[in-house]
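Subject: Structure handover and findings

Dear colleague,

I am passing the structure on to you with this email, and below it you will find my notes on what turned up when I went through it. Please read them with the structure open beside you.

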Amino acid sequence: MTNNYFGDENSDIYREYWQLFNDDGVRAFDEMEESLLALERNNKSVEVLNCLYRSLHTFKGNSRTMQLDILESLSHRAEDLVGLARDN
């Protein structure tokens, strides 16, 4: 199987990009979890909503880069919902 951006799935660059996606994803999900727990304690914190929004935005962009259309779409919808909560 060949990936349009990264070449053969057995190449070093392919594995490196997937490792970066995984590392960033873990970090983004940790930040999202922390933000959601903080929102349980204080659901009016714009700062926490901004952090959650940024984490979703980063994950969405990384998903797009890796051509993961379903993850990109889901993250985009979640980002939109958090944006609505933040802006209202």
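**Salt bridges**

Five salt bridges are found when the whole structure is searched, and please keep in mind throughout that this is a predicted model. As general background, side chains of opposite charge can pair when their charged atoms come close.

The pair I would show you to begin with is Glu79 and Lys60, whose side chains form a salt bridge with an N to O distance of 2.7 Å. Glu79 belongs to helix H3 (residues 69–87) and Lys60 to helix H2 (residues 46–65), so this pair ties together parts that are 19 residues apart in sequence. As to burial, Glu79 has a relative accessible area of 2% and is therefore buried, and Lys60, at 10% relative accessibility, also counts as buried.

Another of the salt bridges joins the side chains of Glu72 and Arg64, with 2.6 Å from N to O; here Glu72 is buried, its relative accessible area being 16%. A further one links Asp87 with Arg86, where the closest N and O atoms are 3.0 Å apart. In that pair, Asp87 counts as exposed at 54% relative accessibility, while Arg86, with a relative accessible area of 23%, is partly exposed.

**Ser55 and its surroundings**

Ser55 is a residue of helix H2, and at 1% relative accessibility it counts as buried. Which residues does Ser55 touch, once those up to four places away in sequence are set aside? They are Ala28, Glu31 and Met32. For Met32 there is also a backbone figure, since its C-alpha atom is separated from that of Ser55 by 6.3 Å, although the two residues are 23 residues apart along the chain.

Glu31, another of the residues touched by Ser55, is placed in helix H1 (residues 12–41) and counts as partly exposed, with 32% relative accessibility. Glu31 also has a part in a surface feature, because a negative patch is formed there by Asp30, Glu31, Glu33 and Glu34.

**A nonpolar patch**

A second kind of surface patch, this one nonpolar, is made by Ile13, Tyr17 and Leu20 and covers about 250 Å². Of these residues, Tyr17 is found in helix H1, and with a relative accessible area of 32% it is partly exposed.

**A backbone point to check**

Where does Gln67 lie? It is in the loop between H2 and H3, and its relative accessible area of 29% makes it partly exposed. The phi angle of Gln67 is near 60 degrees, which is a positive value in a residue other than glycine. For context, most residues other than glycine have a negative phi.

With kind regards

Note on methods: Residues are numbered from 1 along each chain as its sequence is written. This is a predicted model: local features need pLDDT of at least 70, side-chain atom pairs count only at pLDDT 80 or more; totals for chains, interfaces and linings use all residues. Side-chain values use heavy atoms; hydrogens and water are left out. A salt bridge is a side-chain nitrogen of Lys or Arg within 4 Å of a carboxyl oxygen of Asp or Glu. Helices (H or I, at least four residues) and strands (E, at least two) are DSSP runs, numbered from the N terminus. Buried means under 20% relative accessible area, exposed over 50%, partly exposed in between (1.4 Å probe, protein chains only). Contact means heavy atoms within 4.5 Å. Patches are made of residues with over 30% relative accessible area and no salt bridge: like charges are joined within 9 Å, nonpolar side chains (Val, Leu, Ile, Met, Phe, Trp, Tyr) within 5 Å. Accessible areas come from the Shrake-Rupley method with a 1.4 Å probe; for residues, only the protein chains shown count as cover. Lys and Arg count as positive and Asp and Glu as negative; His and the chain ends are not counted. The place of a charge is taken as NZ of Lys, CZ of Arg, CG of Asp or CD of Glu.
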